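Hello, and thanks for sharing this one. Here are my notes as numbered points, beginning with the ligand site and moving on to the pairs of side chains.

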Amino acid sequence: MSSPRPPGATRLAAARPAPLPGVSFEFFPPKTEEMETRLWNTIRRLEPLAPSFVSVTYGAAGSTRDRTYETVCRINRETSLPTAAHLSCVGTTREEVDEMVRRYWRQGIRHIVALRGDPPEGTPRYTPHPGGYANSVDLLEGIRRIADFEISVAAFPEVHPEAQSPDADLEYLKRKIDAGAHRAITQYFFDVDVFMRFLDRARAKGIAVPIVPGIMPVFNFAKLSKFSAKCGASVPRWLAEMFEGLDDDPETRRQVAVAQAAEQCQALREQGVNEFHFYTLNGARLTGAICHALGLGPPTEAPLAAERLGPRP
Ligand code: FAD
């Protein structure tokens, strides 16, 4: 006789059959010693989940260039994790970008997430640096001329805000893939149907490489809403309702966030999508719990001293 299941458990229980999902984790380079401690707690906790890779972001307009480089190299040196460096071409000359690419190759880094980047805060439109790469396709071609990197690029299920049309956006993604990208990682989204329609359209266009959904656990609903408006990700009404009234209840917020993201991943798995890229915001608790719910086993019990749920950059 089977034991009774709590409501909502059926879908997650169904998530368990092999193959287990493939996951990757995105971090940002820490600014302070405290943030560095938090990041390393997170890395150590998530490492046993055996992600296919982890990546480190590149601050807007290259603002974290050295910190990104140092963080990528340290993870590569001190852990077993395949490490990818995000790299954008905004506000930088080709020579500077090329030098960074060569340095990564010399350090044993073999995977770059190649991005155009956003214009600096307060600048309405993206303008390429006069001596720089013009956009992500141009950058990608430059990287490939230097060495045989694995390359991931960005994709936008809800269309990039600067795209002329959804079709033009997809056409541009195809150009990135045709220029040699091995995978696309998407902007986060919450509506599974939006992603599935995007995937169908991409496949119909002849894009055959993996398109990995970006999963954003809801760390802080207010901040998420603000950020989403900027990057063109929509926040459904039902999501707002899930977090309503929880501003002073971090524990329940955490549980709701884990349940929501695990359900989202499971709904994708039911449609044959089995790889996920997590925006961890350098915390292990939510991402670790979501992965556990998907059958990946618990993260390790490293001390959580420097980690807490709440507003984070
Ligand atoms: P591109 O692919 O070059 O262009 C963006 C869009 O503009 C295209 O989708 C297309 O619609 C249009 N477009 C551009 N050029 C043309 C053209 N010649 N013809 C027609 N259409 C064109 N930003 C950071 O600064 N650092 C990061 O570490 C970072 N990591 C990210 C990781 C992921 C997974 C994602 C999804 C985004 C990330 N971003 C990051 C944000 C990214 O830099 C922005 O979304 C930026 O606005 C676009 O970058 P891109 O590489 O998609 O640009």
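1. Helices and strands here are DSSP runs, numbered from the N terminus, with H or I over at least four residues for a helix and E over at least two for a strand. The model is a predicted one, in which local features need pLDDT of at least 70, side-chain atom pairs count only at pLDDT 80 or more, and totals for chains, interfaces and linings use all residues. Residues are numbered from 1 along each chain as its sequence is written, and side-chain values use heavy atoms, with hydrogens and water left out.

2. Let me start with the shell around the ligand, where a residue is near if one of its heavy atoms lies within 4 Å. There are 22 residues around the ligand, and Tyr 58, Asp 118, Ser 136, Asp 169 and Lys 176 come nearest. Helix 6 (166-178) and strand 6 (183-188) each give the shell at least two residues. Helix 6 has the largest share, with four residues.

3. What is the make-up of the shell by class? It has nine nonpolar, eight polar and five charged residues. For this count, Ala, Val, Leu, Ile, Met, Phe, Trp, Tyr, Cys and Pro are nonpolar, Asp, Glu, Lys and Arg are charged, and the others, Gly among them, are polar.

4. Next, the polar contacts, meaning pairs of N or O atoms within 3.5 Å; within protein, one atom must be able to donate a hydrogen and the other to accept it, and residues adjacent in sequence count only if both atoms are side-chain atoms. Arg 116 has a backbone N or O atom 2.8 Å from an oxygen atom of the ligand. In the side chain of Ser 136, an N or O atom is 2.7 Å from a ligand oxygen atom. His 160 places a polar side-chain atom 2.8 Å from an oxygen atom of the ligand. The ligand taken alone exposes 960 Å², of which the protein buries 84%; accessible areas come from the Shrake-Rupley method with a 1.4 Å probe, and for residues only the protein chains shown count as cover.

5. Is Arg 38, in helix 2 (residues 33-46), buried or exposed? Arg 38 is buried, at a relative accessible area of 4%; buried means under 20%, exposed over 50%, and partly exposed in between (1.4 Å probe, protein chains only). Its side chain reaches the backbone oxygen of Leu 281 at 3.2 Å.

6. Side chains of opposite charge can pair when their charged atoms come close. A salt bridge here is a side-chain nitrogen of Lys or Arg within 4 Å of a carboxyl oxygen of Asp or Glu, and the whole structure has 15 of them. In one, the closest N and O atoms of Glu 47 and Arg 44 are 2.9 Å apart. Glu 47 is buried at 17% relative accessible area, whereas Arg 44 is partly exposed at 32%.

7. Asp 138 and Arg 94 also meet in a salt bridge, at 3.0 Å from N to O. This pair links distant parts of the chain, 44 residues apart, with Asp 138 in helix 5 (residues 136-146) and Arg 94 in helix 4 (residues 94-106). Asp 138 is buried at 16%, while Arg 94 is partly exposed at 28%.

8. Glu 251 and Arg 254 form a salt bridge at 3.2 Å, N to O. They are three residues apart in helix 10 (residues 250-269), so about one helical turn separates them. Glu 251 is partly exposed at 37%, and Arg 254 is buried at 19%. Elsewhere, salt bridges link Asp 167, Glu 171, Arg 201 and Lys 205 in a network.

9. On to the rings: those of Phe, Tyr and Trp (its six-membered ring) pair if their centres lie within 6.5 Å, with planes under 30 degrees apart counted as stacked, over 60 as edge-to-face and the rest as tilted. The count comes to eight aromatic pairs. Trp 105 and Phe 149 have ring centres 4.9 Å apart and planes at 75 degrees, so they are edge-to-face. Trp 105 lies in helix 4 and Phe 149 in the loop between helix 5 and strand 5 (150-155), 44 residues apart. Phe 149 is buried at 1% relative accessibility.

10. The rings of Phe 221 and Phe 243 are stacked, because their centres lie 5.9 Å apart with planes at 15 degrees. Finally, Tyr 188, Phe 190, Phe 227 and Tyr 279 are linked into a cluster by ring pairs.
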